[in-house]
Amino acid sequence: MENSKELRSWLDDFGLNHPLVIAGPCSAETEEQVLTIAHQLKDSDATVLRAGIWKPRTRPGNFEGVGALGLKWLQKAKEETGMLTTTEVANANHVDLALEHDVDILWIGARTTVSPFIVQDIADALKGTDKIVLVKNPVNPDLSLWLGAVERLHTADISKLGVIHRGFSAYEKTKYRNNPEWQIPIELQNKFPDLPLILDPSHIAGRRDIIFDLCQTALDLNYDGIMVETHHTPDKAWSDAAQQITPDTLKQIMKDLKVRKEVS
Ligand code: PEP
Ligand code: MN
């Protein structure tokens, strides 16, 4: 993959003051929930609404998402608030459905990045489109798998790419749900400085109280954006309740963060 400015053209097109802020619930639960959160985020720095509708859970028996039904809710949220939308795709069929419903940005989740054939199917399904695709790091601390997924998309002529750093699992428990291992995304950025790098503090933290510090570290390291799980009633969320924050808390975090990077 050559080092191309084209990779970050989509980010520059946003014409934002840094950083790019993606926010919204871990999972779309109901139409009302998606619209309530979207409206509460409308006047924040968040320009992209996230909501997972297909949720590949590590163990069975947990909520696995509302499925395609949620795509209509995202469309409605976009119409009502003007926010762009993003959701996770975990196979080629998800891509087809998301494209049919005008989802603006697709992301590949940590449990999918580890699977080269599925990433290839997703890349093939995206061929010929100009979608923005964000690739989360694989669950395990493996830079090659992460790069490999990006390369498969790039080879399928997907040029609007970015990566999301969501931390890496480890057997031993630490204060993080997933260890940041900051050196891994830094190494990736050294290889491909034009690839936009976004922090997902929510899945690194697994808890609310260190979201701010993680965001500040990302900005200090010149990350291009953050994706923060945000819910109007976090404790009642159907997935990842402990790490979600309210839109008001996000607004306060954005006020308190010291942004180092200026848009050129
Ligand atoms: C998510 O974004 O809600 C999610 C499941 O993330 P990850 O793939 O990073 O675990
Ligand atoms: Mn989540």
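## Close-up views of a predicted model

**View 1. Helix 6 packs against helix 7.** Helix 6 (residues 116-126) and helix 7 (residues 143-155) meet at an angle of about 25°, and their axes are 8 Å apart. The structure is a predicted model, here and in every view that follows. With angles under 35 degrees counting as roughly parallel, helix 6 and helix 7 are therefore roughly parallel to each other. Their crossing is right-handed. If you would like to pick out the side chains, look for P116, V119, Q120, A123 and L126 in helix 6, which meet L145, A149, R152 and L153 in helix 7. Sorted by class, this contact has 7 nonpolar, 1 polar and 1 charged residues.

**View 2. Helix 2 packs against helix 3.** Here the angle between helix 2 and helix 3 (residues 69-81) is about 30°, and the axes lie 9 Å apart. Helix 2 and helix 3 are therefore roughly parallel to each other. The crossing of helix 2 and helix 3 is right-handed. Helix 2 brings E31, V34, L35, A38 and H39 to the contact, while helix 3 brings W73, L74, K76, A77, E80 and T81. The contact of helix 2 with helix 3 has, by class, 6 nonpolar, 2 polar and 3 charged residues.

**View 3. The manganese ion (ligand 2) and its protein donors.** Four protein residues are worth finding in this view: C26 through SG, H203 through NE2, E229 through OE and D240 through OD are the donors of the manganese ion, lying 2.1 to 2.4 Å from it. Along the chain, the donor residues follow the spacing C-x176-H-x25-E-x10-D. C26 lies in the loop between strand 1 (20-24) and helix 2 (31-41), whereas H203 lies in helix 9 (residues 201-205), so this pair ties together parts that are 177 residues apart in sequence. C26 counts as buried, at 1% relative accessibility. H203 also counts as buried, with a relative accessibility of 8%.

**View 4. Helix 10 and the residue N222 that follows it.** Start with the buried residues of helix 10, which are I211, L214, C215, Q216, A218 and L219. These buried residues pack against strand 7 (197-199), helix 9, strand 8 and helix 11 (247-256). Helix 10 is followed by N222, whose phi is positive, near 65°. N222 sits in the loop between helix 10 (211-220) and strand 8 (225-229). With a relative accessible area of 26%, N222 is partly exposed.

**View 5. D102, a residue with positive phi in a loop.** Most residues other than glycine have a negative phi. D102 is not a glycine, yet its phi is positive, about 60°. You will find D102 in the loop between helix 4 (92-100) and strand 4 (105-108). Its relative accessible area is 43%, so D102 is partly exposed.

**View 6. The surroundings of T112 in helix 5.** T112 belongs to helix 5 (residues 110-113). At 5% relative accessibility, T112 counts as buried. What does T112 contact, leaving aside its neighbours within four places in sequence? Its partners are E88, A90, I118, V119 and I122. You have already met V119 in View 1, as one of the helix 6 residues in the contact with helix 7.

**View 7. The surroundings of V133 in strand 5.** V133 lies in strand 5 (residues 132-136) and counts as buried, at 1% relative accessibility. Not counting residues up to four places away in sequence, V133 touches L106, I108, L126, L153, I158, K160, L161 and G162. Two of these names may look familiar: L126 and L153 also take part in the contact between helix 6 and helix 7. For a sense of scale, V133 and V21 are 15 Å apart in space, C-alpha to C-alpha, and 112 residues apart in sequence.

**View 8. Y171 in a loop.** Is Y171 buried or exposed? With a relative accessible area of 83%, Y171 is exposed. Y171 is found in the loop between strand 6 (161-165) and helix 8 (183-191). A handy second landmark is G206, which is 35 residues from Y171 along the chain; the C-alpha atoms of Y171 and G206 are separated by 15 Å.

Key:
Residues are numbered from 1 along each chain as its sequence is written. Chains are lettered from A and ligands numbered from 1 in the order in which they are written. This is a predicted model: local features need pLDDT of at least 70, side-chain atom pairs count only at pLDDT 80 or more; totals for chains, interfaces and linings use all residues. Side-chain values use heavy atoms; hydrogens and water are left out. Donors are N, O and S atoms within 2.8 Å of the metal (3.2 Å for Na, K and Ca); water is not among the atoms, so sites may look incomplete. Helices (H or I, at least four residues) and strands (E, at least two) are DSSP runs, numbered from the N terminus. Buried means under 20% relative accessible area, exposed over 50%, partly exposed in between (1.4 Å probe, protein chains only). Axes are lines fitted to C-alpha atoms, for helices over the stretch in contact, and angles run from 0 to 180 degrees between N-to-C directions. Angles under 35 degrees count as roughly parallel, over 145 as roughly antiparallel, 65 to 115 as roughly perpendicular and the rest as oblique. A crossing is left-handed if the near helix is turned anticlockwise from the far one by less than a right angle, and right-handed if clockwise. Contact means heavy atoms within 4.5 Å. Ala, Val, Leu, Ile, Met, Phe, Trp, Tyr, Cys and Pro count as nonpolar, Asp, Glu, Lys and Arg as charged, and the others, Gly among them, as polar.
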